[in-house]
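Me: I'm new to this one and would like a walk through it. Can we take it step by step?

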Amino acid sequence: MNCIEFEARLQPYVDGELDVNEMPAANAHLVHCAECQARVERERQLRQLLRRQPRESAPPEFRAQLRGRIRRSARLAAIRPWLVGTAAAAAVLLVVSLLPGLRPAASLVTDLVSKHITYAQIEQPAEFASQDPPAVEAWFRQRAGLRVTVSDYSPSGIRLVGGRLAEVGDRKAAYVLYEKGHTLMSVFMVPASARSGELRGARVSYRGHDYLTLERKGYNTVAWTDGQAVFGLVSVLSYDALLECADKLRLDRAERFGA
Amino acid sequence: MLEWARPGDRSREFEETALVHLDTLYRSALWLTHNRAEAEDLVQEACLRAFRGFHRFNPGTNCRAWLLTILRNEFLKRLKQGGHEVFDSGEAGDRQRGAESITDAGRTRGHPEEEFLQTVLHGDVDRALKALSLAHREVVILADLEGLSYKEIAQVVDCPIGTVMSRLSRGRAQLRQLLGRLAREHGYVKEAE
């Protein structure tokens, strides 16, 4: 092996990755070549320098938080087959944004899907637990001065769980949680603004009204506006089920507020 | 009868097999994002993804490389979603970024590394590594900071071993040159003739 041949193998030689069959020739060359010995030394010094760099560890609180998330995820995964098998529950989250929207609706939908996933993983997603729609409406009114329409989906097997106020992005929002089976679904509502025109998705018509459908993170979303607010539903349920819930909420609001 | 999964067993197994590599994932994420909050978010997403796909992990194979692959894919996905250009080989990027004319990547002659490598500051190594293109930085970090083998790196960055070797060679050569320049700036070594 000459210097050029050795240099072509310099990196794997120093990294201990040179083919064993080539090692004897490389070593034999090094014995009598000071220049290549110096090359090897320089390479080793660079590696040593890099290995001397401070090595950060994951912060303990992050480690603990991650462990918690994984354990919750494990619990969810464990019950999921049963949930799917019996189709025993669904959660519907009604979300009302309290402030005029500053961000595009498409990213709002993504935020809400993320929120929904997060709340699905906590022990008690409802801040105010009640199966009574008027009680949840009253809670929102007293707690945040919000006129939230809480539809009664019980005839369709959708059980009200309660409500929650939360942050969505940099805005305050309210959620109403329902259950139907264990298939999760969320509904959100945002005061109508310029963003109403920014809603994206495939346009579908249901009982004479137009809706926009869009998939985010594996969840189906249905969105619409009634002129006063933008509404949306997020779920792993079928679009048919979402549209039916959307239609009911739309009727309830029209009845309540004449929208 | 329906057999209930045992979530405790599953998460414990994941913790014992995968989460022992959390520090490596965390450091790698820091090098990818240069931002602690983003790094934590990236690691969390990668770990949850890995946990969900843990049944696909073949016990006895390399868990560290498997996790790093997931982390990297998640990072690239975010880059794309953010509308950023995703690197490919890095060679074109180097030229665009006006990286100094690295002569033959493998060649190191004529540089007084023996002198400056002794005096380089941690901050300089950090700066020099950050100045590398992503394609070169990631292989250098995986090899020289995390100690992965060529084969493991090839798995993580999804390219042939030969490509890993050439990127490593170029990356290290660029790093050496950048460190030399920083050392000269600090006056540790005289201008090379």
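Reply: Chain B, read along its sequence, runs α-α-α-α-α-α-α-α-α-α. That comes to 10 helices and zero strands. Keep in mind that this is a predicted model.

Me: How much of chain B is buried?
Reply: Of its 193 residues, 50% are buried.

Me: And what share of the contacts in chain B joins residues 24 or more positions apart?
Reply: Such pairs make up 71% of the contacts with a separation of 6 or more.

Me: How many residues are in the largest nonpolar core, and which have the most contacts inside it?
Reply: The largest nonpolar core holds 62 residues, and Val43(B), Leu71(B), Leu129(B) and Leu175(B) have the most contacts inside it. Helix 4 of chain B, residues 63-81, is the element that gives the most to this core, with 10 residues.

Me: What does Leu71(B) touch?
Reply: Leaving out residues up to four places away in sequence, Leu71(B) touches Leu25(B), Ser28(B), Ala29(B), Leu32(B), Leu42(B), Val43(B) and Ala46(B). Apart from the largest core lies another core, of 28 residues, including Trp139(A), Phe140(A), Tyr178(A) and Leu237(A).

Me: Back to the helices. Why is helix 8 of chain B said to be largely enclosed?
Reply: Helix 8 covers residues 134-145, and 12 of its 12 residues are buried, so it is largely enclosed by the rest of the structure. The buried residues include charged ones: Arg137(B), Glu138(B) and Asp144(B) are among them.

Me: What follows that helix?
Reply: Helix 8 of chain B is followed by Gly147(B), which has a positive phi, near 75°.

Me: Which residues other than glycine have a positive phi?
Reply: His34(B) is one of them, with phi near 60°. It sits in the loop between helix 2 and helix 3 of chain B. Asp158(B) is another case, with a positive phi of about 55°. The loop between helix 9 and helix 10 of chain B holds Asp158(B).

Me: Are those two buried or exposed?
Reply: His34(B) has a relative accessible area of 39%, so it counts as partly exposed. Asp158(B) has 66%, so it counts as exposed.

Me: What about empty space inside: how many cavities of 30 Å³ or more are there?
Reply: A search of the whole structure turns up four. The largest cavity has about 140 Å³ of space.

Me: Which residues line the largest cavity?
Reply: The lining is made of Ser28(B), Trp31(B), Leu32(B), Leu68(B), Leu71(B), Arg72(B), Leu134(B), Arg137(B), Glu138(B), Ile141(B), Leu142(B) and Val156(B). By type, they divide into eight nonpolar, one polar and three charged.

Me: Which helices do they come from?
Reply: Helix 2, helix 4 and helix 8 of chain B each supply at least two residues of that lining. Helix 8 of chain B gives the largest share, five residues.

Me: Changing topic, how many disulfides are there?
Reply: The search over all chains finds zero disulfides. Cys36(A) is in none, and its nearest cysteine sulfur, that of Cys33(A), is 3.7 Å away. A disulfide needs the two sulfur atoms within 2.5 Å, so this pair does not count.

Me: Is Cys36(A) buried or exposed?
Reply: Cys36(A) is buried, because its relative accessibility is 0%. Cys159(B), at 15% relative accessibility, also counts as buried.

Definitions and conventions: Residues are numbered from 1 along each chain as its sequence is written. Chains are lettered from A and ligands numbered from 1 in the order in which they are written. This is a predicted model: local features need pLDDT of at least 70, side-chain atom pairs count only at pLDDT 80 or more; totals for chains, interfaces and linings use all residues. Side-chain values use heavy atoms; hydrogens and water are left out. Buried means under 20% relative accessible area, exposed over 50%, partly exposed in between (1.4 Å probe, protein chains only). A nonpolar core is a set of buried Ala, Val, Leu, Ile, Met, Phe, Trp, Tyr and Cys residues joined through side-chain atoms within 4.5 Å. Helices (H or I, at least four residues) and strands (E, at least two) are DSSP runs, numbered from the N terminus. Contact means heavy atoms within 4.5 Å. On a 1 Å grid over the protein atoms alone, a cavity is a set of points where a 1.4 Å probe fits but cannot get out, and a pocket is an open set with protein on both sides within 12 Å along at least five of seven lines; lining residues have an atom within 4 Å of a point. Grid points are joined across faces, edges and corners, and a volume is the space filled by probe spheres set on the points.
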